[in-house]
Amino acid sequence: MIDTTDRRLIQATQDGLPLVPHPYHAVAGTLGLDPEEVMARLRRMLETGVIRRIGAVPNHYALGYRANGMSVWDVVDERITEIGRQVGALDFVSHAYHRPRHPPLWPYNLFAMVHGRSRDEVLAHVEAIAGVIGPAARAHDVLFSTRILKKTGLRLTG
Amino acid sequence: MDQTDRRIINALQGGFPVSERPFGDAGRALGLEEEELIGRIRGLVEAGALSRFAPMYHAERLGGGLTLAAMAVPEECFDTVAALVNAHPEIAHNYARAHALNMWFVVATERPEDVARVLAVIAAETGLEVYDMPKREEFFIGLRFEV
């Protein structure tokens, strides 16, 4: 899906576009590529979903969203896709995934990361999700992070 | 951060053009000159309000492996286990969370087949069970923060 030139382009842009009037030309100059080729590759990666989007990546902590909770739900299997989409569409949910259960310790199969300005706001959002899912959720929990042990970001290397 | 900065953050969390002068094009839609938009974005990045201004890549579609894993770590050896886990360069994030499963980490590898190997090594090094929770389906990603 991506070739070695795409990989070089990803490595050159993943930490930030040059903040200059012709950013794609600047990237092309660094990589020794034609600017038109750089733009064509970026457009293709947008179309195929290799690039989710291009733009401002907010630092949610710096913007006042200081609380986040990983809400987890035991949802009946037959409705996981339908319910996952409903939960994912809520504006305070940043990620929603179907993941495997590990019973009995871990009965939950739907994960939804909830953001808020405070722990109470996160808990209120979790209750709102409970209302959306209704009786299709047999159990739920919310896991707050107590410490960041490591955070490096996903990086394409080598 | 003023009202114009907030407008920029709210409007430009996606859809930045791929064009000859994208800041000029994006600025026109916001009623800002190219130079002012560039200067304000630079200021927001330097102030830490934006972690970056960039393409956001989809990790799995780059061909690598990715999973979320959790462990139930006894409190008395928590820091030792954290150090063992974090020593692997494939561990991108690791969070302590309040639950019986109290350590949650993301494993990202260049090759998909390496995920299982990294988890097996961590299990062997720590003597603890590692619960692998790979994504089966993604419903939405990418909160648009209103500021």
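Okay, let's start with one residue, Leu12(B): setting aside neighbours within four places in sequence, it is in contact with Gly55(A), Ala56(A) and Ala26(B). By contact I mean that the two C-beta atoms, placed from the backbone, lie within 7 Å.

Quick housekeeping. This is a predicted model, where local features need pLDDT of at least 70 and side-chain atom pairs count only at pLDDT 80 or more, while totals for chains, interfaces and linings use all residues. Residues are numbered from 1 along each chain as its sequence is written, and chains are lettered from A and ligands numbered from 1 in the order in which they are written.

So where does Leu12(B) sit? In the largest nonpolar core, which has 27 residues; Leu12(B), Ile51(A), Ile9(B) and Ile41(B) are the ones touching the most other members. Which elements feed that core? At least two residues each come from helix H1 (4–13), helix H2 (23–31), helix H3 (35–48) and strand E1 (51–58) of chain A, and from helix H1 (3–11), helix H2 (22–30), helix H3 (34–47) and strand E1 (50–57) of chain B. H3(B) gives the most, 4 residues. There's also a second, separate core of 24 residues, and Val87(A), Val93(A), Ala96(A) and Ala112(A) are among them.

Terms, briefly. A nonpolar core is a set of buried Ala, Val, Leu, Ile, Met, Phe, Trp, Tyr and Cys residues joined through C-beta atoms within 7 Å. Buried means 20 or more other C-beta atoms within 10 Å of the residue's own, with C-beta atoms placed from the backbone. Helices (H or I, at least four residues) and strands (E, at least two) are DSSP runs, numbered from the N terminus.

Now chain B as a whole. It has 5 helices and 6 strands, running α-α-α-β-β-α-β-β-α-β-β from the N terminus. Its domains are 1 (3–47) and 2 (59–132), with bounds from an automatic or database assignment, and their C-alpha centres are 38 Å apart. The radius of gyration, over C-alpha atoms, is 21 Å, whereas a compact globule of 147 residues would have one near 15 Å; that rule is 2.2 Å times the number of residues to the power 0.38. The C-alpha box is roughly 60 × 30 × 25 Å along the principal axes, and 30% of the 147 residues count as buried.

Over to chain A: domain 1 is 4–48 and domain 2 is 67–144, with 37 Å between their C-alpha centres. One last detail there: the Pro103(A) to Pro104(A) peptide bond is cis, omega near 0°, and Pro104(A) is in the loop between strand E3 (93–98) and strand E4 (110–116).

Conventions: A residue is buried if 20 or more other C-beta atoms lie within 10 Å of its own, exposed if 12 or fewer, and partly exposed in between; C-beta atoms are placed from the backbone.
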